[in-house]
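Me: I would like to go through this model by question and reply, with the reasoning set out before each result.

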Amino acid sequence: MWNGRKPVISSGWGSPRKHGPHRGADIMFKREKGDPFPDRTPNGSKWHVMPDDVVAVAASDGIVWSAGWTSGGFAVVIDHGPQKVATFYTHMSTVLGAPTDRAKSGQRVYAGQPIGIIDFDPRDGQRLKHLHFELWLGGPKDAVDVAPIIKSWEYIKDPRPTSSPPPKTMTAPGPMVARNASLQYRSIGERGENYPDWVRALDGKSGVYVIREIDANGTPEVVYVGSSQGRLYDTLTRHFQIVRHEAQEAPMT
Ligand SMILES: [Zn+2]
């Protein structure tokens, strides 16, 4: 919902496209008199509008099957198993969750959980903001028309707190062991285990912190890694990897 307005399908199943008929639904808001968004701009077409910073939310509970950059923008696929049902969301400017592939992150999402910020298809000259949504009864080849299903949807308000800016990244899943206002620390696992995916995802990212623990031999060993936005700690991440390698010969793969 945006300003009490329900999203609608601005371009539906089967509409002609360069590479054959449209296999999903483009989602925007119906233009109303007085809307500040001119036609042929990123925020508006003749009949529809899409303001900046509108969140895409998960259509139903599920597990994030994939989340990351594609040629069509940031995209998310949610697996709604055990039924063979998945939903696909694309043309987003960011993913509000850990990037993942083939459900490696195991990240669960609930119906209505924000999963990304709606943007435009980078291949579109007008850069018209809209969410491209697909429903798959199996894989991408099994896309079906969502129009009949959308009618029965429940519409929700933007679930983000209004006072805070949208998160640029969200923490990946993992047991949280300590927390304060600015830092979050999670266990990186036991000796001999491979690093969890969320640690791998931090590789090269900014704002990474570590906690060291002195072991029985007096050797400092990294036990926790945390991240916080706004400061560059790439070198610490690398350092952490080196320490861990030396400490237990469990190389990152
Ligand atoms: Zn589309």
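Me: In which segment does asparagine 3 lie, and is asparagine 3 buried or exposed?
Reply: This is a predicted model, and in it asparagine 3 has a positive phi, near 50°, although the residue is not a glycine. Asparagine 3 lies in the segment before strand S1 (7-11). Because there are 8 C-beta neighbours inside 10 Å, asparagine 3 counts as exposed.

Me: Which loop holds arginine 102, and how many other C-beta atoms lie within 10 Å of arginine 102?
Reply: Most residues other than glycine have a negative phi, whereas arginine 102 has a positive phi of about 50°. Arginine 102 is placed in the loop between S7 and strand S8 (108-109). Arginine 102 is exposed, since the count of other C-beta atoms within 10 Å is 9.

Me: What is the omega of the cis peptide bond that joins glycine 81 and proline 82?
Reply: Proline 82 has its place in the loop between S6 and S7, two strands that are joined as a hairpin through six residues. Most peptide bonds are trans. The bond between glycine 81 and proline 82 is cis, with an omega of about 10°.

Me: How many bridges join S5 to S6, and how many pair S6 with S7?
Reply: S5 and S6 form a hairpin with two residues between them, and S6 continues into S7 through a second connection of six residues, also a hairpin. Strand S5 (residues 62-70) runs antiparallel to S6, and the pairing of S6 with strand S7 (residues 86-95) is in the antiparallel sense too. The bridges number seven for S5 with S6 and five for S6 with S7.

Me: Which residue in S7 is the bridge partner of isoleucine 78?
Reply: On the S5 side, isoleucine 78 in S6 stands opposite valine 64. Not counting residues up to four places away in sequence, isoleucine 78 touches residues including Ile63, Val64, Trp65, Ala86 and Thr87. The bridge partner of isoleucine 78 in S7 is threonine 87.

Me: How many residues has the largest nonpolar core, and which elements give two or more residues to this core?
Reply: In soluble globular proteins, nonpolar side chains tend to be buried together. Strand S6 (residues 73-79) is mostly covered, with six of its seven residues buried, and Val76, Ile78, Tyr89, Met92 and Ile115 are the residues with the most contacts inside the core. The largest nonpolar core has 35 residues, and the elements that give two or more to it are strand S2 (25-30), strand S4 (55-57), S5, S6, S7, strand S9 (114-118) and strand S10 (131-136).

Me: What share of the contacts with a separation of 6 or more is between residues 24 or more positions apart?
Reply: The chain has three helices and 15 strands, and buried residues make up 31% of its 253 residues. For contacts with a separation of 6 or more, the share from residues 24 or more positions apart is 55%.

Me: Which element of the chain has the lowest mean pLDDT, and which the highest?
Reply: The mean pLDDT of the chain is 76, and 64% of the residues reach 70 or more. The pLDDT is below 50 over residues 163-185, a stretch with 40 contacts in the model beyond near neighbours in sequence, and it stays under 50 over residues 227-253, for which the model has 45 contacts beyond four places in sequence. Among the elements, the lowest mean (32) belongs to strand S12 (residues 176-179) and the highest (97) to strand S3 (residues 48-49).

Notes: Residues are numbered from 1 along each chain as its sequence is written. This is a predicted model: local features need pLDDT of at least 70, side-chain atom pairs count only at pLDDT 80 or more; totals for chains, interfaces and linings use all residues. pLDDT is the predictor's confidence in each residue, from 0 to 100. Helices (H or I, at least four residues) and strands (E, at least two) are DSSP runs, numbered from the N terminus. Two residues are in contact if their C-beta atoms, placed from the backbone, lie within 7 Å. A residue is buried if 20 or more other C-beta atoms lie within 10 Å of its own, exposed if 12 or fewer, and partly exposed in between; C-beta atoms are placed from the backbone. Two strands pair if DSSP finds at least two bridges between them. A nonpolar core is a set of buried Ala, Val, Leu, Ile, Met, Phe, Trp, Tyr and Cys residues joined through C-beta atoms within 7 Å.
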